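Me: I would like to go through this protein's fold and its salt bridges, one question at a time. Please look at the entry below before we begin.

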Amino acid sequence: MTPVVDLLALLRARATRPGALRAVADECALMQHLFRQWEEGQRTGPQLPRISRLGACARQLGYYAQGAPRDGKEVDLRALLTWATGDAIEVVVAAALADALIGTGYSLLCWAPGTQARLTLRVGGLDVPGHPDGVLVEDATSRWVALLSIKSRSSYGFADDEKNLAERGAPWGPDESIWWQTQGSLWSEEAQAH
């Protein structure tokens with residue numbers, strides 16, 4: 001399938017044009033997203049699996065669903081800073097991409113309160129919830145064109161992804177959780193409807 005619009009090229013072009021990000025209407029909403037891990041705390045008790053957990057081993061998902069205590073790991077300062085860094089990357093990339101899409105006939109639906117798309121993957125009578133980082137929308141029809149998932153990786157992980165893409169034609173395979181998460185999003189009821 002040929003991409004409708006080259007998102008990477010748009011981001012690179014936007015990076016060469018200094019100026020305010022026109023698509024950022026509410027800086028407070030961005031800050032809320034960045035600090036959500038600090039405010040929400042660690043979820044405890046039984047939790048249904050989420051699309052973002054797909055690809056974890058069945059035992060881990062079972063423990064998660066039963067609310068079993070974590071294996072001694074706690075949410076500490078390192079974990080909060082790591083998550084905040086990933087959230088910051090997501091916010092910056094999504095805001096820059098939304099700005100770069102202005103005037104192209106497409107827009108990005110993302111992270112603003114009340115506008116984040118929700119996904120539901122139906123598996124054997126169980127609804128597995130999730131959300132993409134954004135949805136590329138055709139302005140003229142309001143049709144979903146693509147789901148956006150922003151992943152931050154170390155330079156080593158990114159180099160491996162590029163190598164796998166060149167050698168195998170895909171950066172990830174079924175042996176990695178990101179592959180399952182992507183499949184879950186693509187096969188969600190909402191994605192299929194759009």
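Reply: Helices (H or I, at least four residues) and strands (E, at least two) are taken here as DSSP runs, numbered from the N terminus. This is a predicted model, in which local features need pLDDT of at least 70 and side-chain atom pairs count only at pLDDT 80 or more, while totals for chains, interfaces and linings use all residues. Residues are numbered from 1 along each chain as its sequence is written, and side-chain values use heavy atoms, with hydrogens and water left out.

Me: Which pattern does the protein follow when read along the sequence?
Reply: The protein contains 8 helices and 5 strands. Read along the sequence, these elements give the pattern α-α-α-α-α-β-β-β-β-β-α-α-α.

Me: What percentage of the residues of the protein count as buried?
Reply: Buried means under 20% relative accessible area, exposed means over 50%, and partly exposed lies in between, with a 1.4 Å probe and protein chains only. Of the 194 residues of the protein, the share that counts as buried is 31%.

Me: How many salt bridges does a search of the whole structure find?
Reply: Side chains of opposite charge can pair when their charged atoms come close. The term salt bridge is used for a side-chain nitrogen of Lys or Arg within 4 Å of a carboxyl oxygen of Asp or Glu. Applied to the whole structure, the search finds a number of salt bridges equal to 3.

Me: How many residues apart in sequence are the parts that D99 and R14 tie together?
Reply: The side chains of D99 and R14 meet in a salt bridge, at 2.4 Å from N to O. Because D99 belongs to helix α5 (residues 77–100) and R14 to helix α1 (residues 7–15), the pair ties together parts whose separation in sequence is 85 residues.

Me: Is R22, which meets D99 in a salt bridge, buried or exposed?
Reply: The side chains of D99 and R22 meet at 3.2 Å, N to O, and this pair links D99 in helix α5 with R22 in the loop between α1 and α2, 77 residues apart. D99 has 0% relative accessibility and counts as buried. R22, by contrast, has a relative accessibility of 54% and therefore counts as exposed.

Me: With which residue does R143 form a salt bridge?
Reply: R143 is partly exposed, at a relative accessible area of 41%. Its partner is buried, with a relative accessible area of 19%. The closest N and O atoms of this salt bridge are 3.5 Å apart, and the residue that pairs with R143 is E138.
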